[in-house]
Amino acid sequence: MNINIFPILFCSIIALCCLIQMAESTDATKSSSAAAAGTDAAVHIVYTERPQDEQPEAYHIRTLSNVLGSEEAAKEALIYSYKTAASGFSAKLTPQQVAEISKQPGVLQVVPSRTLQLHSGAGKLH
């Protein structure tokens, strides 16, 4: 059986780009509360190992709770929980929190969230 993997790979890349872009669109109340508190928190994507005996979102909240001090603070900071194309979550984190969460067991990588623009059509390519 000959399977063309290109369509699957292409769809996976598009899905991951969409997930990253979704992380950028934060809830207005979370943005305003961080601004009011005067924090230098920014949205970061935290890539984690896939949890074995726990639901992904519960695992993400528990991992975030270890850094933020409580489950309530973790739920407030959590923006999106990735469960399909990748395992991880996006959250508003200060530089100190990024350094701390990077050391947590199961955390593979922490990267700043950024918006990527997809080109559409031949006239858009430069």
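This passage describes the fold, the sheet, the core and selected side-chain contacts of a predicted model of a protein chain.

The protein chain has 126 residues, of which 34% count as buried. Its accessible surface comes to about 8300 Å², and carbon and sulfur atoms account for 56% of that area. Five helices and four strands make up the secondary structure. Along the sequence these elements follow the pattern α-α-β-α-α-β-β-α-β. Among contacts between residues at least 6 apart in sequence, 71% join residues that are at least 24 apart.

The four strands form an open sheet in the order E2-E3-E1-E4, and the pairing is antiparallel. Strands E2 and E4 stand at the edges with a single partner strand each, so one side of each has no neighbour in the sheet. From one strand to the next, the twist averages 20°. Strands of a sheet pair through backbone hydrogen bonds, and the pairing can be parallel or antiparallel. In this model, strand E1, which covers residues 42-48, is joined to E3 by six bridges, and the two run antiparallel. One residue pair in E1 and E3 is Ala 42 with its bridge partner Leu 93.

Two helices can be described by their contacts with these strands. Helix H3 packs on the sheet and touches E1, E2, E3 and E4. The direction of H3 makes about 135° with that of E2. Helix H5 lies across E1, E3 and E4 and runs at about 150° to E3.

In soluble globular proteins, nonpolar side chains tend to be buried together. The largest nonpolar core of the model has 15 residues. Those with the most contacts inside this core are Val 46, Leu 64, Phe 89, Leu 93, Ile 101 and Val 110. At least two core residues come from each of helix H3 (56-68), helix H4 (71-77), strand E3 (88-93), helix H5 (95-102) and strand E4 (107-112). Helix H3 supplies the largest share of the core, with four residues. Val 110 gives an example of the contacts made by a core residue. Leaving out residues up to four places away in sequence, Val 110 touches His 44, Ile 45, Val 46, Val 98, Ile 101 and Ser 102.

Two residues with hydroxyl side chains were also examined, Ser 65 and Thr 94. Ser 65 is placed in helix H3. This residue counts as buried because its relative accessible area, 15%, is under the 20% limit. When residues up to four places away in sequence are not counted, Ser 65 touches Ser 70, Glu 71 and Ala 74. Thr 94 lies in the loop between E3 and H5. With a relative accessibility of 17%, Thr 94 is likewise under the 20% limit and therefore counts as buried. Apart from its neighbours within four places in sequence, Thr 94 is in contact with Asp 40 and Ala 41.

The count of salt bridges comes to three. In one of them, Arg 62 pairs with Glu 54, and the closest N and O atoms are 2.8 Å apart. Arg 62 is partly exposed, with a relative accessible area of 41%. Glu 54 is also partly exposed, at 28% relative accessibility.

Another salt bridge joins the side chains of Lys 83 and Glu 57, with an N to O distance of 3.6 Å. This pair links distant parts of the chain, 26 residues apart. Lys 83 is in the loop between strand E2 (78-82) and E3, while Glu 57 is in helix H3. Lys 83 has a relative accessible area of 43% and is partly exposed. Glu 57 counts as partly exposed at 36%.

The remaining salt bridge is formed by Lys 75 and Glu 71, whose closest N and O atoms are 3.1 Å apart. Both residues lie in helix H4, four residues apart, which is about one turn of the helix. Lys 75 counts as partly exposed at 45% relative accessibility. Glu 71, at 48%, counts as partly exposed because its value lies between the limits of 20% and 50%. Glu 71 also appears among the residues touched by Ser 65.

Terms used
Residues are numbered from 1 along each chain as its sequence is written. This is a predicted model: local features need pLDDT of at least 70, side-chain atom pairs count only at pLDDT 80 or more; totals for chains, interfaces and linings use all residues. Side-chain values use heavy atoms; hydrogens and water are left out. A nonpolar core is a set of buried Ala, Val, Leu, Ile, Met, Phe, Trp, Tyr and Cys residues joined through side-chain atoms within 4.5 Å. Buried means under 20% relative accessible area, exposed over 50%, partly exposed in between (1.4 Å probe, protein chains only). Contact means heavy atoms within 4.5 Å. Accessible areas come from the Shrake-Rupley method with a 1.4 Å probe; for residues, only the protein chains shown count as cover. A salt bridge is a side-chain nitrogen of Lys or Arg within 4 Å of a carboxyl oxygen of Asp or Glu. Two strands pair if DSSP finds at least two bridges between them. Axes are lines fitted to C-alpha atoms, for helices over the stretch in contact, and angles run from 0 to 180 degrees between N-to-C directions.
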